[in-house]
Amino acid sequence: MSSLRRIYASMFKWAPVAAALTVFQQLAGALVPAAATVVSAGLFDHAARAINGEAVDSKLYLYAALYLIIYLLNDMLNYIFSIAVNAGIYEKGTAYFRMALYEKLAKLPLLALEDPEVLNRKERAEKAVNDESLSALFNGTMVFLRAPLTAVSIAAVLARYSVWLLPLSLLSVLPYFVARLVRGKEFFHVKRAQAAETRRLAYLWSLFHTRQTAKEMRVAGFDGYITGKWQTTRDRVNEELWTVGKKDALSLLYCDLFRILGYGASIGLVLALVLRGQVTMGVFGASVTAFLSLQMAMKVFLQFLGRIPEQLGYAKDYYAFLDQEEERNGNGGYPGLQQEIRLEGVSFRYPGQAGYAVSHLDLVIGKGEKVAVLGENGSGKTTLGKLLLGFYPPEEGEVLFDGVPVCHYDQDGFRRQASAVAQQFAVYNLSLRENVAMSDIGRLQADDDILEALRQAGLEGIGGLDEPMGREFGGRELSGGQWQKLAIARGLFRPSGLILLDEPTAALDPLVETDILHSFLRAARDKTAVIISHRVGLCKLVDRIVVLKEGSVAESGTHQELLAAGGEYARLYTAQEKWYR
């Protein structure tokens, strides 16, 4: 029940007025059916007497007025409840639950996002929010608490006429509890098990509306194959849901039939009491209506009672994601690199993988040094970059900045003094100004610095700073190489002592690559620079080359030293040198 307590605490924190109005409406509304039963019985009796020729009693008007007041009050309460629930509980509450989810996502260690189990947990948590299960649980528990109060108050009234009406009402709706308990658990376990398949379904669907994959599918003609995979996955997911849904619908049909029989038996019982003269016709009319209210209240109560395991299951999934360990943050201030970066015996492997991406790696990078990290695909280059920036903690060994493990520094402060251009860089359909200044948004109006970063990246004259980029919103469309240069400009614009480029020129022609790297190294002359690549074109320009193979340093030295050694670098250079002639 801790999840339920947290939902209540959140609702009263985020939407206190709506939560309080919901509680008031449910408690006040719980007494309306019992009050209506008493008043309608009196109204029917006095109306019957007037029809039979008796003098009109003033109580007839009093009961009529009271019934009208009850009706208007109930209508007003329902109106207030509708606004409070829709605007406050569902819209505002769900928005805050979603915000809390994404704030948590931003605080998770980046390594957690490589773990399939964490991604499945995230999928289940997002489903709990998107299906409004958490807001529904708050509202449902209010209805759940209202139902027994309604039932008790109506039962107290009906018991005055016949105690046999009480067991009849309970027995006629008891099957709802069993049905909801069994089907609710079954439905939840099916949805929980489907988290990975649901992620796969969303991924396959995304291929149809992602521009690059849509183009490739059209050209290569494999869109039918992807469509088939999507349909197969969709049918597999839906078949499981439909199977449970059909069972649930059939169960509810049996429950409704049983409830109708109970209602018919209650009418027969009250009618027998009228014929014996034990109750009046007014009581008969009021009792029939009251019995429906009692049945409905008990039906709601038992249905929700049976659904609690399912609803709480979604809430537990949501809070299980929110309770995951966040990125560990040191408390040491980072003064900037003074001497060197040192990796000592560093090993790392991704979650669920048997092999190491980086294994027993030793490396020293001096302040101001320009280092190229080379290696074939899968050699551990990109992983090394993430270890250097503190994105991933090493499984063994340490990453030290001036002798201090990177994890001991305050991570926000540490990363403010580092800049990176990722291999899979982001494309922002925003203005040219925003695309560059995104790396240091506080300098959004620093036009001269923005233009200088564009010049260094080889993008002079590409357009006005406030011109939108990308055709998504009617802006200027750029080539793949131009987008990559824009990402490099973004990295150069950020004031930092350390800059890391991961395959920064992969989409560029080798000759253009050389010009861009020349400009980059001139711009980074006062920085420590690490350039990760599988190309050798930049190697004559840097201070040192580090070659990785199978996650370890195979060799290290200058261009001439490594060529003379005739090792892995010489092999790579010989294979690629024709590109740079």
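Helix H12 is largely enclosed by the rest of the structure, because 6 of its 8 residues are buried. The buried residues of H12 are Lys381, Thr383, Leu384, Gly385, Leu387 and Leu388. The model described here is a predicted one. After H12 comes Gly390, which has a positive phi near 75°.

H12, which spans 381-388, also takes part in the lining of the largest pocket, to which it supplies at least two residues. Strand S6 (418-421), helix H16 (480-493) and strand S7 (498-502) likewise each supply at least two residues to this lining. The largest contribution comes from S6, with 4 residues. The pocket holds about 800 Å³ of space. Its lining consists of 29 residues, and those that lie nearest the centre are Leu389, Phe391, Ala420, Val421 and Ala422. Sorted by class, the lining has 16 nonpolar residues, 7 polar residues and 6 charged residues. Residues of the lining come from both domain 1 (1-161 + 307-326) and domain 3 (340-578), so the largest pocket lies between these two domains.

Two of the elements that line the pocket, S6 and S7, are also neighbours in a sheet. This open sheet is formed by 6 strands in the order S6-S7-S8-S3-S9-S10, and its pairing is mixed. The edges are taken by S6 and by strand S10 (552-557); each has a single partner strand, so one side of each is left without a neighbour in the sheet. On average, and with direction ignored, neighbouring strands of this sheet are turned by 15° against each other. The pairing of S6 with S7 is parallel and extends over 4 bridges. Within this pairing, Ser419 has Ile499 of S7 as its bridge partner.

A further open sheet is made of 4 strands in the order S2-S1-S4-S5, with antiparallel pairing. Its edge strands are S2 and strand S5 (404-405), each of which pairs on one side only. Strand S1 (residues 340-348) is joined to strand S2 (residues 358-366) in the antiparallel sense by 6 bridges. In this pair, Phe348 has Val358 of S2 as its bridge partner. S1 also runs antiparallel to strand S4 (residues 396-401), and 5 bridges join the two. Here the bridge partner of Leu343 is Val399 in S4, and Glu344 stands opposite Glu398 in the same strand, S4.

Backbone angles were examined next. Most residues other than glycine have a negative phi. His360 is not a glycine, yet its phi is positive, at about 50°. His360 lies in strand S2, one of the edge strands of the antiparallel sheet. The relative accessible area of His360 is 54%, so this residue counts as exposed. Glu132 also has a positive phi, of about 60°, although it is not a glycine. In contrast to the strand position of His360, Glu132 is found in the loop between helix H5 (116-130) and helix H6 (133-158). Glu132 has a relative accessible area of 30% and is therefore partly exposed.

Two pairs of residues that are far apart in numbering were also considered. Ile80 belongs to helix H4, which covers residues 58-107. With a relative accessible area of 31%, Ile80 is partly exposed. Ile80 and Thr22 are 58 residues apart along the chain, and their C-alpha atoms are separated by 8.3 Å. In the second pair, Lys13 is placed in helix H1 (residues 2-14). Lys13 counts as exposed, because its relative accessibility is 65%. The C-alpha atoms of Lys13 and Gly93 are separated by 9.8 Å, while the two residues stand 80 residues apart along the chain.

Notes
Residues numbered from 1 in each chain as written. Predicted model: local features only at pLDDT ≥ 70, side-chain atom pairs only at ≥ 80, totals over all residues. Heavy atoms only, no water. 1 Å grid on protein atoms, 1.4 Å probe; cavity = no way out; pocket = protein on both sides within 12 Å on 5 of 7 lines; lining within 4 Å. Points joined across faces, edges and corners; volume = space filled by probe spheres on them. Nonpolar A, V, L, I, M, F, W, Y, C, P; charged D, E, K, R; others polar. Domains from an automatic or database assignment. Buried < 20%, exposed > 50% of the residue type's maximum accessible area, 1.4 Å probe, protein only. Pairing = 2+ DSSP bridges. Axes fitted to C-alpha atoms, helices over the stretch in contact; angles between N-to-C directions.
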